[in-house]
Amino acid sequence: MTSVTVIGAGNIGAAVARLALTAGADVQVLTRDPAKAAAVDPRVTPGTVGDAVTGDVVVLALPYPALAEVADRYADGFAGRVVVDVSNPVDFATFDALVVPAGSSATAELAERLPQARVLKAFNTTFAATLATGTIAGRPTTVLVAGDDADAKAALAGVVEGAGLRAVDAGSLRRAHELEALGFLQMTLAAGGKTSWTSGFVLER
């Protein structure tokens, strides 16, 4: 089973860490406060951002503005690893736009900073609650994955499906643009009371 490092222990980070534990992975959680990392689950290996990463798959469960700093800090440490961006680069001042250039994505920017890593987009279209329960409307929660490395996508899919969820290949890294738009739409619907923060889109086969 693939080992996983999660950087960040907010709602998504904690949910992904527990998902990976359910799949049988060894899980490291790094935060600025190691006590918060330890509080995610007694089975994780907690640490501080800046510690060496141990996971084959590294999930950056961070807000968009924090990606550049962490990417630069771990430029060498991420080389050869699968690095997963979960962010939605939303303009929270207006909550009416994405802050990346038209046609680009937070994940594309991250990939430029980490040319030696295998960068993927995933988990940004699923709320933490649906990762925690593993279901939406009685169906397995679907995690859409975009990236250019088939082996990297397969490694992440193994973790997702090992926890009983469904992983779907959403295409190349260019599709991160559309996934971020979908994530943004889902957030605005929930914020506007049209859906809830415990709901999500169901993808039928």
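This is a short tour of a predicted model, stop by stop.

**Stop 1: the sheet**

Select the strands. They include an open sheet of 8 strands with mixed pairing. Follow the order across: β3-β2-β1-β4-β5-β6-β9-β10. Now look at the two edges. β3 (45–48) and β10 (166–171) stand there, each with a single partner strand, so one side of each has no neighbour in the sheet. Step from strand to strand and watch the twist, which averages 25° from one to the next.

**Stop 2: strand β1**

Select residues 4–7, which form β1. Show the side chains. Which way do they point? Val 4 and Val 6 go one way, while Thr 5 and Ile 7 go the other. Are these residues buried or exposed? All of them are buried.

Add β2, residues 27–31. The two strands pair in the parallel sense over 4 bridges. To see one partnership, pick Val 4 and then Val 27, its bridge partner in β2.

**Stop 3: β5, β6 and a helix on the sheet**

Move along to β5 (82–85) and β6 (118–121). This pair is parallel too, with 4 bridges. Select Asp 85 and find Lys 121 of β6 standing opposite.

Next, show helix α7, residues 176–191. The helix packs on the sheet and touches β5, β6, β9 (142–147) and β10. Compare directions: α7 makes about 145° with β9.

**Stop 4: two helices side by side**

Select α3 (residues 64–73) and α4 (residues 106–113). Two packed helices are described by the angle between their axes and the distance between the axes. Here the angle is about 10° and the axes are 10 Å apart. Angles under 35 degrees count as roughly parallel, so α3 is roughly parallel to α4. Their crossing is right-handed.

Which residues make the contact? From α3, select Tyr 64, Leu 67, Ala 68, Ala 71 and Asp 72. From α4, add Ala 106, Glu 109, Leu 110 and Arg 113. Colour them by class: 6 are nonpolar, none is polar and 3 are charged.

**Stop 5: two phenylalanines with positive phi**

Select Phe 95, in the loop between β5 and α4. Its phi is near 50°, a positive value in a residue other than glycine. Phe 95 counts as partly exposed because its relative accessibility is 24%.

Finish at Phe 123, in the loop between β6 and α5 (128–133). Phi of Phe 123 is near 70°, again positive in a residue other than glycine. Is Phe 123 buried or exposed? At 3% relative accessibility, Phe 123 counts as buried, because the cut-off for buried is under 20%.

Technical notes:
Residues numbered from 1 in each chain as written. Predicted model: local features only at pLDDT ≥ 70, side-chain atom pairs only at ≥ 80, totals over all residues. Heavy atoms only, no water. Axes fitted to C-alpha atoms, helices over the stretch in contact; angles between N-to-C directions. Parallel < 35°, antiparallel > 145°, perpendicular 65-115°, else oblique. Left-handed = near helix turned anticlockwise from the far one by under 90°. Contact = heavy atoms within 4.5 Å. Nonpolar A, V, L, I, M, F, W, Y, C, P; charged D, E, K, R; others polar. Buried < 20%, exposed > 50% of the residue type's maximum accessible area, 1.4 Å probe, protein only. Pairing = 2+ DSSP bridges.
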